[in-house]
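Please open the model in your viewer and keep the selection tool at hand for a short tour.

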Amino acid sequence: MKSQVSKGVAIVCSLVLSAFSLSSPFLKAAAAPVNLIANPSVETANSAGTAPLNWQTDHWGTGTASFQYKTTGYNSSKSVYVSVSGYKSGDSKWFFDPVTVSPSTTYTFSETYESNIKTHIVAESLTSAGAASYFDVDVAVPASASAWKTVTYSVKTKANTAKLTLLHLVEANGWLQTDNFSLTAPDTGTPTPPTPPVTNGLVPNPSVETVNPNNANLPTDWSHSSWGTNKPTYQFIKNDGHDGTNSVKVTMANYTDGDAKWVYTPQALTHGADYRFTAWYKTNTIPHVVAWYTHADGTEDFFGLPDPEPAANAGTTWQKYSDVFSVPANATGVSLFFFLSNNGWVQTDDYSVAPYTYTGFNRGLVTLTFDDGFEENVTTALPVLDQYGFKSTFCFATQYVEGIPTAEQEVKQIANDGQEICGHSVTHPWFTQLTTTQQDYELQHSQQYLQSLTGQQVKDFASPYGDYNAAVNTEIKKYYQSHRTTDEGFNSKDNFNPYRLRVQNMMPTTTLAQVQQWVNKAKADHTWLILIYHVVATNKADMDEFDTYKPDFDAQMAWLAQSGITVERWDQALAETSAQ
């Protein structure tokens with residue numbers, strides 16, 4: 001959210017916020033004012049313990065903002081604090097979740113603060129459709145760096161105001177600490193009740209029980225969308241919920257490409273933290289699940305979670321889906337959703353996001369894997385692996401090798417170097433589109449050929465495109481001890497499944513900093529990190545979407561060698577983790 005207000009002069013200073021309140025000047029003496037702000041003294045923390053429940057932060061412009069949830073306050077044990085450095089433009093602020101108010105009505109707002117700079121308070125008015133506008137409450141709140149000071153203002157809502165929040169802005173270098181907030185309505189004999197605390201603040205309207213006041217076919221804070229060539233139908237179901245009466249359903253017909261989904265409004269989560277996503281679903285197909293990350297610059301990323309594995313009665317009985325994701329450092333909002341990329345339907349309800357901690361192995365591990373069998377890797381990747389003493393796993397689709405003498409010699413060279421050889425099918429097909437007989441041929445022939453070529457047991461399998469389901473895994477188990485997917489994440493004791501091994505996918509855009517973050521996380525959490533490489537390429541202009549530029553690969557391996565984490569082949573890491 002960007003507040004449309006005048007910008008301050010850049011100076012070095014700071015502001016600390018604590019104790020906000022909003023009250024009506026017209027309440028009867030015998031009645032206590034009704035504070036509309038949930039968690040007004042910021043004493044109740046969110047589930048992660050990193051911020052007060054029902055409070056948010058926002059920053060825009062040029063400068064660095066630091067937000068803190070303090071363990072000291074004006075007359076309580078908590079307050080909120082924001083400091084700014086390197087200021088050139090924009091503003092930074094803590095603010096309470098917008099509360100329901102009446103239009104054209106005067107309210108009383110108060111808060112207690114300390115600050116080493118002059119600051120500015122602005123009201124944000126939201127219409128019932130969510131459109132925001134801003135108006136000044138006080139254009140110059142004086143500095144008070146050595147003593148708490150309480151300020152009180154009258155705030156009159158606009159004719160179209162449905163919700164209101166107050167923004168205490170830092171628009172210069174400095175700090176602000178605030179506490180004891182209050183917002184109260186005029187006394188009409190029936191005071192407006194306070195906004196109830198959010199019970200699942202990480203997902204808005206998590207059971208889709210609240211109907212959008214402007215569109216009875218939408219839950220509040222939910223929308224739907226599609227792309228590609230297909231015909232989706234969206235339903236907001238009012239008489240079939242998992243817990244409650246409502247749920248949402250998307251049906252796909254005439255599918256050629258693209259996808260369709262219901263999505264809740266992205267929410268701010270803690271950068272670098274892990275969360276468990278849980279939802280309930282019914283379906284007649286296999287949907288997909290994705291974490292959607294939005295960024296301040298308008299870009300977005302998607303993190304693929306493992307697909308649900310519906311039971312035979314999944315079309316008539318609610319089933320639970322639950323899995324884990326991490327929040328990247330640059331994400332401003334996160335939303336989790338089910339989507340369809342084939343004909344069928346999926347119905348969902350009761351979404352939840354909660355902080356999560358991995359149950360680790362005895363130590364962190366990294367495994368390097370190389371898919372498909374590209375010739376370049378013998379001269380680009382293998383010498384670098386040898387330089388650092390890394391043993392990795394190369395997965396071959398045998399149509400690129402069998403009967404080609406130079407390719408066969410390269411596979412032997414890799415095997416003789418102590419690298420593991422892994423199965424990756426014969427023709428690199430989409431396995432879920434094959435018959436059982438075709439699947440068995442792809443699995444068995446590639447295994448037998450690679451074993452005869454190298455004299456090495458081929459015990460592990462990587463599915464082409466990461467395309468699998470429960471039936472595919474049933475066939476894989478006939479021939480291999482494990483299966484590596486392209487589902488993103490870390491392998492830990494509490495999510496360990498040797499036939500659904502999780503990975504991080506290497507791309508041309510994967511930075512050294514991202515690799516360092518993954519490795520450091522695996523080291524700290526004692527999880528098993530599997531990286532998927534394809535071509536390590538010397539010609540940047542000819543790179544594909546999953547290739548890695550050789551200078552980038554060299555830098556990644558050099559850093560990995562000094563990181564202190566253990567690098568093992570897939571089969572070695574599997575044996576170590578399975579024993580625990």
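The tour below visits two helices in turn.

This is a predicted model, in which local features need pLDDT of at least 70 and side-chain atom pairs count only at pLDDT 80 or more, while totals for chains, interfaces and linings use all residues. Residues are numbered from 1 along each chain as its sequence is written, and side-chain values use heavy atoms, with hydrogens and water left out.

Select residues 405-416 to begin, which form helix 3 (helices being DSSP runs of H or I of at least four residues, and strands E runs of at least two, numbered from the N terminus). Its 12 residues reach 16 Å from the first C-alpha to the last, close to the 16 Å expected at 1.5 Å a residue, the expected span being 1.5 Å times one less than the number of residues. Now colour Ala407, Val411, Ile414 and Ala415, the buried residues of helix 3 (buried means under 20% relative accessible area, exposed over 50%, partly exposed in between, with a 1.4 Å probe and protein chains only). Looking down the axis of helix 3, you will find these buried residues within an arc of 100°, so they line one face of the helix; the arc is that of the directions from the helix axis to the C-beta atoms. The face turned away from that buried side carries the exposed Pro405, Thr406 and Asn416. Just after helix 3, stop at Gly418, whose phi is positive, at about 95°.

Next select residues 512-525, helix 6, which has 14 residues. Its buried residues are Val515, Trp518, Val519, Lys521 and Ala522, and, seen down the axis of helix 6, they fall within an arc of 155°, so they line one face. Finish at His526, which follows helix 6 and has a positive phi near 60°.
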